[in-house]
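Me: Please go through this model with me, and for each label explain what it rests on.

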Amino acid sequence: MMEIKVLTLFPNFFDSFKETSIIKRALDKESVQFTAINFRDYTLDKHNNVDDTICGGGAGMLLACQPIVDALKANTKANSKVVMLSPQGKKMTQKLVRELAEHDDIVLLCGHYEGFDERIRDYVDEEVSIGDFVLTGGEPAALVLSDAIIRLRDGVIRSDSHEDDSFENGLLEYPQYTRPVEYDGKKVPDVLMSGHHENIRKWRLKESLRKTYLRRPDLLDGRTFTSEEQKLLQEVMDEENKKQTSNDENQ
Ligand code: 4FV
């Protein structure tokens, strides 16, 4: 069973997350235990404060060491993986999520105000950012990371349903369709209705390469390709260049 503890000033932020859909089912089945802990409960400040002014001046307040460090000490074990959420962290990717999902005990630390006293970083194992933007607090980031981790744990969702997720093979997911076969004159590609599994597999790989080539060419940089993928990617590039040329001609 995996345990996730979130150290935050707003434990209630996670209430609806725990009560919803796949996450609720995972918690009910005890595949995962999820606890939100208020690190203000650990402050020794006579006014119950957890923040203070910034040394050297600067707008806003900063989270102080004592409440957070004592909360960490009280809620971590030898095998705990302590992760600080901050814009200065390693960018969250499916690869990073897979690595974290291997751990049975994860402690997530949510920032607030202008962030953390720098010395708090000496007490964490990893720093993770969910993206190059600034949130009001680390809670949304902790929620996003927890969701991505929990869905990879055994027994939470069918393993085959995340095997061909976007990014699982470093590519964007192929186009998917459901009934009706024709909607508003738009048809499901015939190959998907053919029952020919090999042609379907090849079509999906090619369309995965096409979507990645058109939308996220950065994901193709440095990626090792099978000979089949190389051949299909070349076909895609030729087809897209032809489309581009004919579009230019029609301009
Ligand atoms: C953030 C992010 C993030 C910064 C100031 C909380 C805020 C406030 N966390 N990925 N992007 N945190 O913006 O993880 O303390």
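Me: What makes the sheet an open one, and in which order do its strands stand?
Reply: In this predicted model, 5 strands pair in parallel in the order β2-β1-β6-β5-β7. Strands β2 (32-38) and β7 (126-129) stand at the edges with a single partner strand each, so one side of each has no neighbour in the sheet. From one strand to the next the twist averages 30°.

Me: How do you know that β5 and β6 are paired?
Reply: Pairing requires at least two bridges, and 5 bridges join β5 (residues 81-91) to β6 (residues 105-110), the two strands running parallel; the two therefore count as paired. V82 stands opposite V107 in β6.

Me: What makes you say that helix α5 packs on the sheet?
Reply: Contact means heavy atoms within 4.5 Å, and α5 (residues 139-150) touches β1 (2-8), β2, β5, β6 and β7, with a direction that makes about 160° with that of β6.

Me: Which residues touch the most other members of the largest nonpolar core, and which element gives the most to this core?
Reply: Of its 30 residues, those that touch the most other members are I4, V6, F34, L108, L145, I149 and I150. Two or more residues come from each of β1, α2 (21-28), β2, β5, α4 (94-100), β6 and α5, and α5 gives the most, with 6 residues. Setting aside residues up to four places away in sequence, I149 touches M2, V97, L100, A101 and I106. Apart from this core lies another, of 16 residues, including I37, F39, V107 and L109.

Me: Why is G111 called buried, and why is V134 called exposed?
Reply: The cut-off for buried is under 20% relative accessible area, and G111 has 9% relative accessibility, so G111 counts as buried. The cut-off for exposed is over 50%, and V134, at 74% relative accessibility, therefore counts as exposed. G111 is placed in the loop between β6 and β7, whereas V134 lies in the loop between β7 and α5. Beyond its neighbours within four places in sequence, G111 is in contact with L63, L85, F116, G137, G138 and E139. An unreviewed UniProt entry lists both G111 and V134 under "binding site", together with I130, G131, D132, F133 and L135.

Me: How do you know that the length of helix α8 fits its number of residues?
Reply: Helix α8 (residues 197-215) has 19 residues and reaches 26 Å from its first C-alpha to its last, which is close to the 27 Å expected at 1.5 Å a residue. Its buried residues include I200, W203 and L209, and α7 (190-193) and α9 (227-250) are among what covers the buried residues of α8.

Conventions. Residues are numbered from 1 along each chain as its sequence is written. This is a predicted model: local features need pLDDT of at least 70, side-chain atom pairs count only at pLDDT 80 or more; totals for chains, interfaces and linings use all residues. Side-chain values use heavy atoms; hydrogens and water are left out. Helices (H or I, at least four residues) and strands (E, at least two) are DSSP runs, numbered from the N terminus. Axes are lines fitted to C-alpha atoms, for helices over the stretch in contact, and angles run from 0 to 180 degrees between N-to-C directions. The expected span of a helix is 1.5 Å times one less than its number of residues. Buried means under 20% relative accessible area, exposed over 50%, partly exposed in between (1.4 Å probe, protein chains only). A nonpolar core is a set of buried Ala, Val, Leu, Ile, Met, Phe, Trp, Tyr and Cys residues joined through side-chain atoms within 4.5 Å. UniProt positions are given in the numbering used here, feature names are shortened, and annotations may be inferred rather than shown by experiment.
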